[in-house]
Structures are given as structure tokens and as C-alpha cells.
Amino acid sequence: MYVLITLIAVAVVLFILTFFMNDKFADLESQVEQLSISSMQDTYQLKKKIKVLEEELLTDISNDVTPAKPKMQNHF
């Protein structure tokens, strides 16, 4: 009888302790989520910068290269 009461008391104490302990999986999940968000923000920033650089390069190339005018040939 004492063993059963002791086991139930220990179970209740352990059950109550689980509410006060830090959930390590929740902390890990939060860290992974923050890393994912940070990575997505960095990727977005890099893509944005690459797009700006590509546009600058395309405008520089189009300004440097002028279309050649066809030469008129005399057929006299």
C-alpha cells in the first residue's frame, strides 16, 4: 500500500515539475526558425543587390555600344 502511494506521489511531483522546466525542443525550434528567417532575409537582400547590379551593367553596356549605321554604297 505504501509503495503505491509513494509511486503516485512521485508521479504527481514529476508531472508538476514538467510544467516548470524549459522545453529544450521549443528552444531549438525557435532557434531554427530564427535561422531560417535570417537566411531568407539575406537571400532576398542578395537577390535585390544582384538585380540592381545587372540593371546597371545592362545600361552601361547599352550606352557603350551604339548601333552601327549602315554605309551607303555608290553603285555608279
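Q: What makes Leu-4, Ile-8, Val-12, Phe-15, Ile-16, Phe-19 and Phe-20 a nonpolar patch on the surface?
A: Patches are made of residues with over 30% relative accessible area and no salt bridge (a side-chain nitrogen of Lys or Arg within 4 Å of a carboxyl oxygen of Asp or Glu). Nonpolar side chains (Val, Leu, Ile, Met, Phe, Trp, Tyr) are joined within 5 Å. Together these seven names account for about 800 Å² of accessible area, by the Shrake-Rupley method with a 1.4 Å probe, where for residues only the protein chains shown count as cover.

A quick note on the model: it is predicted, so local features need pLDDT of at least 70 and side-chain atom pairs pLDDT 80 or more, while totals for chains, interfaces and linings use all residues. Residues are numbered from 1 along each chain as its sequence is written, and side-chain values use heavy atoms, without hydrogens and water.

Q: How do you know that Phe-15 counts as exposed?
A: Its relative accessibility is 53%; exposed means over 50%, buried under 20%, and partly exposed in between (1.4 Å probe, protein chains only). Therefore Phe-15 counts as exposed.

Q: Why is the pair of Phe-15 and Phe-19 called edge-to-face?
A: Happily, the search of the whole structure finds 1 aromatic pair, and Phe-15 and Phe-19 form it with 5.2 Å centre to centre and 90° between the planes. Rings of Phe, Tyr and Trp (its six-membered ring) pair if their centres lie within 6.5 Å; planes under 30 degrees apart are stacked, over 60 edge-to-face and the rest tilted. So the pair is edge-to-face.

Q: What separates Phe-15 and Phe-19 in helix H1?
A: About one helical turn, because they are 4 residues apart in H1 (residues 2–20). Helices (H or I, at least four residues) are DSSP runs, numbered from the N terminus.

Technical notes. Helix = DSSP H or I, 4+ residues; strand = E, 2+ residues; numbered from the N terminus. Patch = residues over 30% accessible without salt bridge, like charges linked within 9 Å, V, L, I, M, F, W, Y side chains within 5 Å.
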